[in-house]
Amino acid sequence: MKYYKDYDLEDFLQDDSFRRWVIGEADATEGLWEEIVRLYPDKKVIMQQARELITTWREHAAIVTDQQLEDQVQRILHTTQAGVEAPARRVVWRKWLSAAAVVTLVAGLGGAFWWKSEQTGNGTGHRQAYVPESSKALQEVVNTTGTAMKVGLPDGSKVSLAPAGRISYAADFVHDKKREVFLSGEAFFDVTKDPQNPFFVYANGLVTRVLGTSFLVKATDTNVEVLVRSGRVSVLPLKDIENPTDRNTELLLTPNQQAIFSVKDNVVSKSITNMPLELIKPDAEAGFVFENQPVSKVFSALEKVYGIPIVYDAAVMEKCSLRVELSNEPFFTKLDIITQTLGAAYRVSDGQVVISSEGCR
Amino acid sequence: MEQDLERWKRFKDGDAAVFEDMIRGEFRALFEYGSRFVHDRDTLNDCIHDLFASLWDRRHFLVDTDKIRPYLLKSLRNRLLKEIERTNPLTPFEAWHENLDAEEGIENRLISTETDERRKRQIGTVLHSLTPRQREIIHLKFFENLSHEQIAGVLDISRPAVANLLSQALRLFRDKWQTILPSLLMILIG
């Protein structure tokens, strides 16, 4: 019993006998833990924590009712006794079934699918697998007017559809834990946050996935552009979804970043939007006014407000300081002013700004 | 564990009654374990169904085991990972360090009693902030009462790696716990 006085939370949790005591299982060490509480009153709180963790963890388990258990047992026995389809093949079979269902759906709906007539080849076959499997009707919205059109989606998300843009989605919007929209043309999405049911936009071979955010998708015959205003989205060529081993093509975009997808090459690249917006207001008092400040301060202020990473060699630019007064200029104008003052240069690479400088004296 | 070996052999000989007992006896443990990383009940039921059906089909070719539970947990785990891979080739947002709302998830939906709901929600929040792998190892250790060796077998990692992962998960848990401790103590003591 000597070492119990040095027991910490981990030790209690890892002690088999303690765990059995907590869940009320009989144990050879009957009375031991009550004794320890008496001997080492300072251990009481830690023991209480350990007990809480174990009991809560057990309570958090998924519940299977007797009826559910029985149903599942019968289902398994039915399969094995009847000697039906081997399970390894069952999954594949199901895939075939859904493919068949999709083919029927496409045939049945005919022209209701915008992409059927407008788009040839690229990604269509892949997209079929992502069309909701049940033959629920698809809603289609086409903007035939000359101005942007507001569309409300069933989940509360808002879409601003540019002229000549089309979107379609299942009437039964949340399906298989996904919210899915098919887009042709240009649309700005303001997506309601719902982490349990991610939101997908399929546009000419590119899949954009979001939780809750606002962003613009612009799909033309040759390119798809995705521009992020707020939140996070990831983009991935539709073709690569079919090939799960190759995950490197998925790109995460943060605000003011932009992905450009080339339909021909099936490649996504990352950049910065032409006109980055301020994500947060600069400090009310100081704003972008810097009075002989080290350049690191200026860059970090810019990073913070626009959310765009700025990469530079801190050692080389250590002696660079700046007196500059900036206000409402666009992001890239600000960068021009700063780099020109310093005699430095910048380029945009992979969604970041890279500063090159020979240092200051 | 002698009993396990005996049961396993009878199942391999095609004893349907033993097989049925095995399904009945192991189903809940498998479901509970699986629910730690697959939240969709239908998918989970399908995977467990496939697991048992395939065991039955291949029973003549199976190796002997004297630890049925860990054996089944490991088989289910492999199946579930394949299933997740197949249906969701996208990187989970959590992996991009997106902070999911801790209110979400199966943990919270299953909390029913109102009396100590607050306490449970706080602990649930802490549990939720663990990575799936950390949750998994805590489950195997404190729910299934598996030994380090058995966990090593299920996860296909070395025993030191199990010890390491477990202590990591626990340290994280304790640190997170500390931040909610003040309010918690009031409930426990009060």
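User: How many disulfides does a search of the whole structure find over all chains?
Analyst: This is a predicted model. Cys320(A) and Cys360(A) are joined through their sulfur atoms, with an S to S distance of 1.9 Å, which is within the 2.5 Å cut-off for a disulfide. Over all chains, the search of the whole structure gives a count of one.

User: Which parts of chain A does the pair Cys320(A) and Cys360(A) tie together, and how many residues apart are they in sequence?
Analyst: The link is right-handed, with 90° about the S-S bond. Cys320(A) belongs to the loop between β15 and β16 (321-326) of chain A, while Cys360(A) is in the segment after β18 of chain A, so the disulfide ties together parts whose separation in sequence is 40 residues.

User: Is Cys320(A) buried or exposed?
Analyst: The cut-off for buried is under 20% relative accessible area. Cys320(A) has a relative accessibility of 1%, so the residue counts as buried.

User: Which strands stand at the edges of the open sheet β15-β18-β17 (chain A)?
Analyst: The sheet has three strands with mixed pairing, in the order β15-β18-β17 (chain A). β15(A) pairs with β18 (residues 352-356) of chain A in the parallel sense over two bridges, and Ile310(A) stands opposite Val353(A) in β18(A). Two strands have a single partner strand each, so one side of each is left without a neighbour in the sheet: β15 (310-311) and β17 (345-349) of chain A.

User: At what angle does helix α11 of chain A run to β17(A)?
Analyst: Helix α11 covers residues 331-342 of chain A. The helix lies across β17 and β18 of chain A, and its angle to β17(A) is about 145°.

User: Which helix gives the largest share of the largest nonpolar core?
Analyst: The largest nonpolar core has 66 residues, and those with the most contacts inside it are Trp33(A), Phe11(B), Phe19(B), Phe52(B) and Ile137(B). The largest share of this core is eight residues, and these come from chain B, from helix α2 (residues 16-34).

User: How many residues are in the second, separate core?
Analyst: This core includes Val159(A), Ala203(A), Val235(A) and Ala259(A). Its total is 32 residues.

User: What percentage of the residues in chain A is buried?
Analyst: Chain A has 11 helices and 18 strands. The accessible surface of the chain comes to about 18100 Å², with 51% belonging to carbon and sulfur atoms. Of the 361 residues in chain A, the buried part is 45%.

Methods
Residues are numbered from 1 along each chain as its sequence is written. Chains are lettered from A and ligands numbered from 1 in the order in which they are written. This is a predicted model: local features need pLDDT of at least 70, side-chain atom pairs count only at pLDDT 80 or more; totals for chains, interfaces and linings use all residues. Side-chain values use heavy atoms; hydrogens and water are left out. Helices (H or I, at least four residues) and strands (E, at least two) are DSSP runs, numbered from the N terminus. Buried means under 20% relative accessible area, exposed over 50%, partly exposed in between (1.4 Å probe, protein chains only). Accessible areas come from the Shrake-Rupley method with a 1.4 Å probe; for residues, only the protein chains shown count as cover. A nonpolar core is a set of buried Ala, Val, Leu, Ile, Met, Phe, Trp, Tyr and Cys residues joined through side-chain atoms within 4.5 Å. Two strands pair if DSSP finds at least two bridges between them. Contact means heavy atoms within 4.5 Å. Axes are lines fitted to C-alpha atoms, for helices over the stretch in contact, and angles run from 0 to 180 degrees between N-to-C directions.
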